[in-house]
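Visitor: I'd like a close look at one part of this chain, please. Pick a residue, tell me what surrounds it, and then work outwards from there.

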Amino acid sequence: MCTITLSYNENDQTASEKLAALLSTGLFVKVNQQEELDIDYSDASLYEDDPSLKLDKESYTPEELRTMLTNDLNQNFGVKNAL
């Protein structure tokens with residue numbers, strides 16, 4: 001779990017649309033900076049590797065990574081042409 005802070009012009013329609021698309025993937029959520037997330041950091045499962053995430057090879061080209069990510073977003077979230 002990590003927190004990513006984005007700054008953008010809320011009056012820029014393109015920026016707002018891209019943020020909406022990013023949030024619609026379900027990979028990210030918008031939180032109020034004043035709110036604290038309810039996360040139990042003592043939960044050991046937060047720090048374990050997921051065996052299903054093992055890669056087939058040691059390194060990938062940017063094109064291969066883009067294809068993998070696009071396929072995952074499409075399969076898991078129904079998001080097409082996200083990148």
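Guide: Let's start at Thr25, which touches Leu73, Phe77 and Val79, leaving aside residues up to four places away in sequence; a contact here means heavy atoms within 4.5 Å. Before going on, a word on the source: this is a predicted model, where local features need pLDDT of at least 70 and side-chain atom pairs count only at pLDDT 80 or more, while totals for chains, interfaces and linings use all residues. Numbering runs from 1 along each chain as its sequence is written, and side-chain values use heavy atoms, with hydrogens and water left out.

Thr25 sits in the loop between α1 and α2; helices are DSSP runs of H or I with at least four residues, strands are runs of E with at least two, and both are numbered from the N terminus. Thr25 is buried, with a relative accessible area of 4%. On that scale, buried means under 20%, exposed over 50% and partly exposed in between, using a 1.4 Å probe and protein chains only. Asn76 lies in helix α2 and is 51 residues from Thr25 along the chain, yet their C-alpha atoms are separated by 8.8 Å. Unlike the buried Thr25, Asn76 is exposed, at 54%.

Phe77, one of the residues that Thr25 touches, also belongs to a nonpolar surface patch with Ile4, Leu6, Leu22, Leu27 and Phe28, about 540 Å² of accessible area together. Such areas come from the Shrake-Rupley method with a 1.4 Å probe, and for residues only the protein chains shown count as cover. Patch members need over 30% relative accessible area and no salt bridge; nonpolar side chains (Val, Leu, Ile, Met, Phe, Trp, Tyr) are joined within 5 Å, like charges within 9 Å. Phe28 qualifies on area because its relative value is 34%, partly exposed, and its place is the loop between α1 (13-24) and α2 (62-77).

That loop also holds Asp50, which is partly exposed at 38%. Asp50 joins Asp38, Asp40, Asp43, Glu48 and Asp49 in a negatively charged surface patch. For charges, Lys and Arg count as positive and Asp and Glu as negative, without His or the chain ends; each is placed at NZ of Lys, CZ of Arg, CG of Asp or CD of Glu.

As for salt bridges (a side-chain nitrogen of Lys or Arg within 4 Å of a carboxyl oxygen of Asp or Glu), the whole structure has one. Glu64 pairs with Lys57, with 2.8 Å between the closest N and O atoms. Glu64 is partly exposed at 29%, and Lys57 is partly exposed at 39%.

Stepping back, the chain has two helices and zero strands, and buried residues make up 6% of its 83 residues. The chain exposes about 7700 Å², with carbon and sulfur atoms supplying 49% of that.
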